[in-house]
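Visitor: I would like a close look at a single part of this structure. Please take me through it step by step.

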Amino acid sequence: MASKAAPSCRLIVCLLTAAAVLRPGFGWYTVNSAYGDTIIMPCRLDVPQNLMFGKWKYEKPDGTPVFIAFRSSTKKSVQYDDVPEYKDRLSLSENYTLSISNARISDEKRFVCMLVTEDDVFEAPTVVKVFKQPSKPEIVSKAPFLETQQLQKLGDCISKDSYPDGNITWYRNGKVLQPLEGAVVIIFEKQMDPVTQLYTMTSSLEYKTTKADIQSPFTCSVTYYGPSGQKTVHSEQAVFDIYYPTEQVTIQVLPPKNAIKEGDNITLTCLGNGNPPPEEFLFYLPGQPEGVRSGNTYTLTDVRRNATGDYKCSLIDKRSMIASTAITVHYLDLSLNPSGEVTKQIGDALPVSCTISASRNATVVWMKDNIKLRSSPSFSSLQYQDAGNYVCETALQEVEGLKKRESLTLIVEGKPQIKMTKKTDPSGLSKTIICHVEGFPKPAIQWTITGSGSVINQAKESPYINGRYYSKIIISPEENVTLTCAAENQLERTVNSLNVSANENREKVNDQAKLIVGIVVGLLLAALVAGVVYWLYMKKSKTASKHVNKDLGNLEENKKLEENNHKTEA
């Protein structure tokens, strides 16, 4: 609906002046624009047929109009008034829509579109609202640490360049922090830049922290209004180092307590559960009532078994806050009697003992020549096979590296002992003479033959095992001979002899000849007997044959007589 000027005013100037004071015919229309964008304001009036021109103006706070753009309906020309703040920023379209580029806060005004005919002026007001999104809030001036049970400034949350001004909220673990006397104090401030008319909001937080705030994130947010309504932007998280006093002291031992042995270095570490942790402590050693002041570590080098005991540590300023631990320095002693190299005579007795002294039960293993023995050795009557390298080894299995071992090298000596044996070859042509020798050190064997005879095989020796070996010789004597075996070592020379008779060979040969003759005679007799038996058999066979023929002749004669008798009767 248009407002009309007084009928007596016909001039254009009179119309424009009247329109400046007339009540608008349209309700207020609001255009929202983001800071820096282009403000677009439609005229919202129907263009009359007798339109002369259209104009735009804005109103100052006191209501004074300021004309900024003109467009003729006939010449289609556009003119912009000389208003400095809108120079090169205005654009008026053919449908009288006004555009203002690079929206500023100062553009928040009441603009009016005016369409003028010869006798009427039509107006449509538009209210411009400009919004500026604030910068992302940031927590600055952060406290380097927070101490429990003390109200102190945590930091400032700041957000800049906002229009209109926004509101700042603090959060802990994602939950809103509300002011609480003596625990949470929030101070909010805002400042406007006189040039840009943009606001900077600052919120300071004072906070009384507890141990529950360890690793708790703190954030803040700014809530503002934009062209599309209310929005919220959150800051990055901030986590603070929480300082709190030590409430408990603990003591640690390296290496682990169950693995400490003589010769080790022990490092005691005392720890307090406060933040920051205490840097100095008092260490109490066994048998020393006064503490030794040190950092959080104390080292004992090359400890012995007498270092076993209770170790303690405490705070410098709170000696009642103390921690203790019991330490056992493990030890292992081994005594082998006898040990080293021991030389004994065969048949001697030798008691052997391996004595163990340890901080706990230890395992004992006996080895002989690198072979594990089932039991500890005991010698009531030494034999050559008892000689060797014996090792007694003990260890604490729970303590790494705690082992002891001692060795005994046993040498069993003996004078040479000889035993000679004789073995005749099945053919009876040769004899094997064996000289069995035992003794240590190894005796050397030497043969001597008295008499004539051929040596079929030179002396051969067996391996020397457990103080024993033998030498053998094969001989075919032509006459009675004597074989002498001599064995000698560093202790003694021993000699033994054996007589071998040649008759034994001859008798054996005669017996074999007699056996052959007997076999031949036996075979001849057997052949003779077989011939006689055969001759008698053949003679008897011929006599029997004659009798059979005679009987057959008689039978035929009788048969012929019977046939003649039958014929006569007939």
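Visitor: In what order do the 6 strands of the open sheet stand, and how are they paired?

Guide: This is a predicted model, in which local features need a pLDDT of at least 70 and side-chain atom pairs count only at pLDDT 80 or more, while totals for chains, interfaces and linings use all residues. Residues are numbered from 1 along each chain as its sequence is written, and side-chain values use heavy atoms, with hydrogens and water left out.

The order in the open sheet is 1-9-8-3-4-5, and the pairing of these 6 strands is mixed. Strands here are DSSP runs of E with at least two residues, numbered from the N terminus, and two of them pair if DSSP finds at least two bridges between them. Strand 1 (29-34) and strand 5 (78-80) stand at the edges with a single partner strand each, so one side of each has no neighbour in the sheet. From one strand to the next, the twist averages 25 degrees; the axes behind such angles are lines fitted to C-alpha atoms, and angles run from 0 to 180 degrees between N-to-C directions.

Within the sheet, strand 3 (residues 53-59) and strand 4 (residues 65-72) run antiparallel and are joined by 7 bridges. Tyrosine 58 has valine 66 in strand 4 as its bridge partner.

The side chain of tyrosine 58 can be followed further. Tyr58 forms one aromatic cluster with Tyr86 and Phe111. Rings of Phe, Tyr and Trp (its six-membered ring) pair if their centres lie within 6.5 Å; planes under 30 degrees apart count as stacked, over 60 as edge-to-face and the rest as tilted. By this rule the count comes to 11 aromatic pairs. Lysine 109 lies over the face of tyrosine 58, 5.0 Å from the ring centre. For such a placement, NZ of Lys or CZ of Arg must be within 6 Å of the ring centre and within 35 degrees of the ring normal.

A word on confidence is also needed. pLDDT is the predictor's confidence in each residue, from 0 to 100. The chain averages a pLDDT of 85, and 85% of the residues score at least 70. Over residues 1-25 the pLDDT stays under 50, and the model has 41 contacts beyond four places in sequence for them; a contact means heavy atoms within 4.5 Å. Residues 564-570 also have a pLDDT below 50, with 0 contacts beyond near neighbours in sequence. Where pLDDT is low, the predicted coordinates should not be read in detail.

Methods
Helix = DSSP H or I, 4+ residues; strand = E, 2+ residues; numbered from the N terminus.
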